Amino acid sequence: MNDQSHKWIGKRTIRPDGADKVTGRAAYAADATMPGMVWGKVLRSPHPHAVIKSIDTSKAEALPGVKAVATAADFVDFPVDTPVPLGIQDMRWMSRNMLAKEKVLFHGHPIAAVAATSEEIAAEACALIEVDYDVLPFAIEIDDALAKDAPILHDFIEFEGRKSNIAGTLEHKLGDVEAGFAEADVIVERSFTTKPVHQGYIETHACVVSVAPDDRTTIWSSSQGQFMVRAMTAYLTGIPQSHIKAIPAEIGGGFGGKTIVYLEPVATILSKKSGRPVKMVMTREEVMRATGPTSGSKSTVKIGAKKDGTIVAGQGTFYLQAGCLPGSPIRGAAGCAFAPYDIKNVHSFGYDVVSNRSKVAAYRAPGAPIGAFAVECVLDEVAEKLGMDPLKLRLKNAAKEGTKAAHGPTFPRIGYAETVEEALNSTHYKTPLTGKYQGRGVASGFWFNAGGESSAQVNITEDGNVVVTTGHPDIGGSRASIANITAELLGIDYDQVSVQIGDTATIGYSNLTGGSRVLFASAMVVTESTEQVIEQLKGRAAKIWGIDPSQVVWENGEARPMGEHSANFPSMSLEELAAKANATGGPIGAGSQSNTVGAEGGFATHVCDVEVDVDLGIVRVIRYTCFQDVGRAIHPSYVEGQLQGGMAQGIGWALNEEYIYDKNGRVDNPGFLDYRMPVCSDLPMLDCGIIEIPNPKHPQGVRGVGEVPLVPGPAAVRNAVYDALGIRIDDLPLSPPSVLAAIDANSRQAAE
Amino acid sequence: MSDIRYLAPQTLDDAVAQYAAAAGAARILAGGTDLLVQMRSGLKKPSTIVDVKKIPELTAIEETADGGFRVGAAVAGAVLEEHPTFGKVWPGVLEGLNLIGSTQIQGRASMGGNLCNGSPAGDSVPALVAAGAVATIAGPDGTRELKVEDVPAGPGKTNLKPGEILVSFTFPARPKGSSDAYLRMIPRTEMDIAVVGVGVSLTLENGTCTAARVGLGAVAPTVLLVHGAAEAIIGTKLDDAAIEKAAAACSAACNPIDDKRGTIAYRTKVAGVLFKRTLAIAAERAGRA
């Protein structure tokens, strides 16, 4: 691969889905419609915690226009004592999240669903469903859930011999931290909290499902994985996977939040019961109340270092909100927190805490920003105590090839140190700040990245063009990147390649779009398929020329005879070979399926400048640069898009995003007005320092790029605010009221 | 959902008659940027909608005989912005109105709708209060006038009587050396709702403040006219002591709530800070050297 000309790899080609998206032609899930279609709506819990004593749907069923009503009783039962894992999910929890079974566990928890001839009638019917509740006390925050007399969400969860809201733990240990701290000259320990933040995709969850009388089921939906939709729908409805065709619609953002299902199995049962296609579209309020944000957290991190800057011990305790059912990303928090550093003694402990909030869903490097926030803030203080530049402290302790990470692996060639060096040498870092209340912060981050199962089919059309089919929804420009790679390998024009995302009936199993895995994994199977196609093309040319296939080379999109035959035959183009395909052995094409391995971790270092309006408590980010090892930027525009998106979300997490609950346990800001994600004018240009240390285990050198750019953000912003104000604020978000309160408390303290 | 009757009268008399006839089940539609959102969320379920955008009195911008302005209650922000002179005389009123929503919303949103929606955080209201604007109201019993600060009665409520329609705002003529300004505090830079909003209108003669009014939004159940702040600066050359006293009056006038948009402590402090910044802009515009 390294001896190729790179005509297309690294080029900013026009994305294949671009024209449709800018002209409004792209078909998202909510655009789907079918003759005879009816509308599904969900009845949601008015209480944050209650036992469901009975559900009476008779009045709803009697309402004219109502075609079907469904409750948890219509779905497959998953007893709580028998785990049914699917990927990182468990169907016991997925089923109870989709429709409450024994109890409602958060305000907004779905209880029943109605299909009717209009959305209005469906909503009216929902209001006619009578639910008899035994209302229970509730716990929203981690401290409430861990209190001695806390209401217990699940009787079947025990921790340390008692019923508990701690649903699980995870521990990573390396060396001996106590011995490490004993060696330290400087020790810093601090506790932090972060709020749950939503993925904030613009497109709300939506689907249309049609079930035929023989149970053959077709699903159009917006998700990060049509195979995930198929599998979960099959589990939850009992319809076999072979009967379900899940068609991926264009997706209007996911960021991890669309790696599970909320609607598809419900619409499937409503369609099966009504005999009609059923459409369901969530409102923004439903999205904010009942779909996963990522966890809120509280954590304590202690780091010890010697005078020369060598970090000798790191200890972290991370409590993460799971929401109402088990499964917070403690692995991301506890596993990634210390990973950028070569530390001999590490102890990292994670707690999975359930409370009466919506169940968390994956969000871009799930858990990792929480762990990094605590560690990177403490490192900032360690550097200050040592009188060391915070980047030089990181560089001195940078993990490198051969470093044993606390979460298990020994790193191969990685590019972490390079991200710090690039940051240190950057114009950004070297440019002095000018304002009184300006400050600069830095932070690093790590994400595991993933490989896993992918399938691809590469077919040569009769007119000599190429259709590539893969099985992953494209949420970050993967189609354009795959087209770049295919055009490069075949030596043909980019425009000759069409990349399709197949439905579950047309392409082999492909794991979902997540874990920064898609380009890594799909490039591998597309490369294998394309290489097989090239072998076929060489064979066809050999057959036409009557020579041995080993005497044919494929170059610049043509088969050319070599050696003794090189002057005997004119080279043959893809078009010519395609035209003769039937005479030389039939259609040309190849598929490949693989469980890919070798997705090595990703590292980034961020530099953030802020300016604080100290009278109003407003923090503005005025300059921001992400330095990241991306392996190989197959399509630089979409690598930058990933980096910039991650930076923007990290800034939002740091500054204003938070779930606010009222005293009745209800989300008080279920919309984009009061759930404040950054708007364009809130952000400066987000600069990208792309570093390319090719992944040796990938044909094009790809490393996942999509998730690690979120990881350092919150800490980089918080450290910059410290630099501006001299005040270490340990609780996110750094919203104006909290920043002003910290400034006022600090000046009162100074006055005393 | 039941059917909704939509009426679009061409005259004020027709509008008053139709609105009164609907007897409480009707809502007035100006730009609709609040009403339609409230209907979608199920908060309001009117059986009749009376669209007032076809009525000349509600859509006109006139210069009055005494040198002031009369602006129809349904005039959209984008339309008022294009007026050749209004924004020169009342830049603060205009900037308050123009802060409502996005560019698209500006094509619809009006001062009348903003005031009648009754939100204490309405962006156009503090500057209207500071301007001393007077609302003309038409109803079944005839026409009456009400000072803008007397229109809101509490969150989501006004002092308009059943069947009454807000027609227009009258702005007084301005002596030389007068101007105004509006500032709001929002956590973001755009697309947000005021946590505190301050309107200041004043007149300067040879550097001395001879007249001033201060409107304060989002810090109490209704937008406040802060007499104490105005009194603290009238007769002064806007020296620091006077400004501090006026800022303290603004903070003292606050009667806010702790909510998702800000704390009591935050709003109270920021009211003073924002007053000082708004005053500086208004004074600059009024020609302070």
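Me: How many salt bridges does the rule find across the interface of chain B and chain A?
Reply: In this predicted model, the rule finds 7 salt bridges across that interface.

Me: What makes Arg676(A) and Asp192(B) a salt bridge?
Reply: The closest N and O atoms of Arg676(A) and Asp192(B) are 2.8 Å apart. The rule asks for a side-chain nitrogen of Lys or Arg within 4 Å of a carboxyl oxygen of Asp or Glu, and therefore the pair counts as a salt bridge.

Me: Which helix gives the most to the side of chain B that touches chain A?
Reply: Helix α12 of chain B, residues 264-285, does so with 6 residues. The residues on that side of chain B comprise 10 nonpolar, 3 polar and 7 charged.

Me: What area do chain B and chain A bury between them, and which three residues supply the most of chain B's part?
Reply: The two chains bury about 2,000 Å², with 55% of it on carbon and sulfur atoms. Of the area that chain B buries against chain A, Arg188(B), Lys260(B) and Tyr266(B) supply 35%, more than any other three residues.

Me: Why is α3(A) called roughly perpendicular to α7(A)?
Reply: Helix α3 (residues 91-98) and helix α7 (residues 226-237), both of chain A, pack at an angle of about 80°. Angles of 65 to 115 degrees count as roughly perpendicular, so α3(A) is described in that way relative to α7(A).

Me: Which residues meet where α3(A) packs with α7(A)?
Reply: Met91(A), Met94(A), Ser95(A) and Met98(A) of α3(A) meet Met232(A), Tyr235(A) and Leu236(A) of α7(A). The residues of this contact divide into 6 nonpolar, 1 polar and no charged.

Notes:
Residues are numbered from 1 along each chain as its sequence is written. Chains are lettered from A and ligands numbered from 1 in the order in which they are written. This is a predicted model: local features need pLDDT of at least 70, side-chain atom pairs count only at pLDDT 80 or more; totals for chains, interfaces and linings use all residues. Side-chain values use heavy atoms; hydrogens and water are left out. Buried area is the accessible area (1.4 Å probe) that two parts lose on being put together, summed over both. Helices (H or I, at least four residues) and strands (E, at least two) are DSSP runs, numbered from the N terminus. Ala, Val, Leu, Ile, Met, Phe, Trp, Tyr, Cys and Pro count as nonpolar, Asp, Glu, Lys and Arg as charged, and the others, Gly among them, as polar. Axes are lines fitted to C-alpha atoms, for helices over the stretch in contact, and angles run from 0 to 180 degrees between N-to-C directions. Angles under 35 degrees count as roughly parallel, over 145 as roughly antiparallel, 65 to 115 as roughly perpendicular and the rest as oblique. Contact means heavy atoms within 4.5 Å.
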